[in-house]
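Let's take a walk through this model together. Keep the sequence and the 3D view side by side as you read.

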Amino acid sequence: KLVATVLVIDDSAPARRLAVTLLKHAGHTVMVCDDGQAGLDLIKRENPDLIIADIITPGIDGYRVARAVRSDPKIATTPIILQTAHYEEAEVRRLAAQLGVQDVIFKPYEPETFLQAVIDALSHEAAPTGSSKVLVKGDFHVEHLRLVSAKLYETVRQLQATRQALDPTDTQYALLFQAPPHPTAPLGIPPLRSPLAAGEWR
């Protein structure tokens, strides 16, 4: 079924808009959701032909959405594509495959890559519940926790790097307000006060 109803689950508005634009250009009907649990409820209610979910979403993440879908006989064969900007590509693909996910798309992606993944997922019926190798509960939680923790660690590192890059700029800005003598001092006009120097923006 190459023209389908597709549900996109992603908490990033730009990512949703890009996916919707590409899918509608290809002739698909698109539903969107920014929350994993709300997305799963929508899947059970609307039974879309394809699910495209980001791995890190509010509510429940993409891995748990996929596991819940594969565990429900009524929707177990629905094709699933996961999206992520995760750096551990091999590990992400391994866990996704064990959950019966058709493909993983890594952001940022080329439109052709995205559309080809959609075509491939819709062209091949997902494995029935009984024959798909879905991780047992304990194994899933261990793998899931490790990958999500790695993703959070990566995000913290990126934030720290951004802060370090901004700190020299903050310092230079503050020094502009601290350089004596101030030219307005003889006129009895108080010098400008830097919010950064005073720590008010911290």
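**Charged pairs, packed helices and a surface patch**

Searching the whole structure turns up six salt bridges. Keep in mind as we go that this is a predicted model. Side chains of opposite charge can pair when their charged atoms come close.

Let's begin with a pair that spans the chain. Asp10 and Lys107 form a salt bridge, and their closest N and O atoms are 2.8 Å apart. The two partners come from distant parts of the chain, 97 residues apart: Asp10 sits in the loop between β1 (5-9) and α1, while Lys107 sits in the loop between β5 (103-106) and α5. Is Asp10 buried or exposed? Asp10 counts as buried because its relative accessibility is 1%, and the cut-off for buried is under 20%. Lys107, at 24% relative accessibility, counts as partly exposed. This pair also belongs to a wider arrangement, since a network of salt bridges links Asp10, Asp54 and Lys107.

Now turn to helix α4, where salt bridges form within one element. Arg93 and Glu89 join their side chains in a salt bridge, with 3.2 Å from N to O. How are these two placed along the helix? Arg93 and Glu89 are four residues apart in helix α4 (residues 89-98), so about one helical turn separates them. Arg93 counts as partly exposed at 34% relative accessibility, and Glu89 counts as partly exposed at 40%.

A second pair in this helix is Glu91 and Arg94, whose side chains meet in a salt bridge of 3.0 Å, N to O. Both residues lie in helix α4, and their spacing of three residues is about one turn of the helix. Glu91 is partly exposed, with a relative accessible area of 24%; Arg94 is partly exposed too, with a relative accessible area of 34%.

Next, look at how two helices pack. Two packed helices are described by the angle between their axes and the distance between the axes. For helix α1 (residues 13-25) and α5, the axes come within 11 Å and cross at roughly 65°. The crossing of α1 and α5 is right-handed. Which residues make the contact? On the α1 side they are Ala19, Leu22 and Leu23, and on the α5 side they are Pro111, Phe114, Leu115 and Val118.

Stay with α5 for a moment and find Ile119, which lies in this helix (residues 111-123). Ile119 counts as partly exposed because its relative accessibility is 40%. Together with Leu2 and Val3, Ile119 forms a nonpolar patch on the surface, and the three have about 270 Å² of accessible area together.

Our last stop is Gly62, found in helix α3 (residues 62-70). With a relative accessibility of 1%, Gly62 counts as buried. What does Gly62 touch, leaving out residues up to four places away in sequence? The list is Ala53, Asp54, Ile55, Thr57 and Leu82. Asp54 is a name you have already met, as a member of the salt-bridge network with Asp10 and Lys107. As for Leu82, it is 20 residues from Gly62 along the chain, and the C-alpha atoms of the two are separated by 6.7 Å.

Methods:
Residues numbered from 1 in each chain as written. Predicted model: local features only at pLDDT ≥ 70, side-chain atom pairs only at ≥ 80, totals over all residues. Heavy atoms only, no water. Patch = residues over 30% accessible without salt bridge, like charges linked within 9 Å, V, L, I, M, F, W, Y side chains within 5 Å. Areas by Shrake-Rupley, 256 points an atom, 1.4 Å probe, with all protein chains shown as cover. Salt bridge = Lys/Arg side-chain N within 4 Å of Asp/Glu carboxyl O. Buried < 20%, exposed > 50% of the residue type's maximum accessible area, 1.4 Å probe, protein only. Contact = heavy atoms within 4.5 Å. Axes fitted to C-alpha atoms, helices over the stretch in contact; angles between N-to-C directions. Left-handed = near helix turned anticlockwise from the far one by under 90°.
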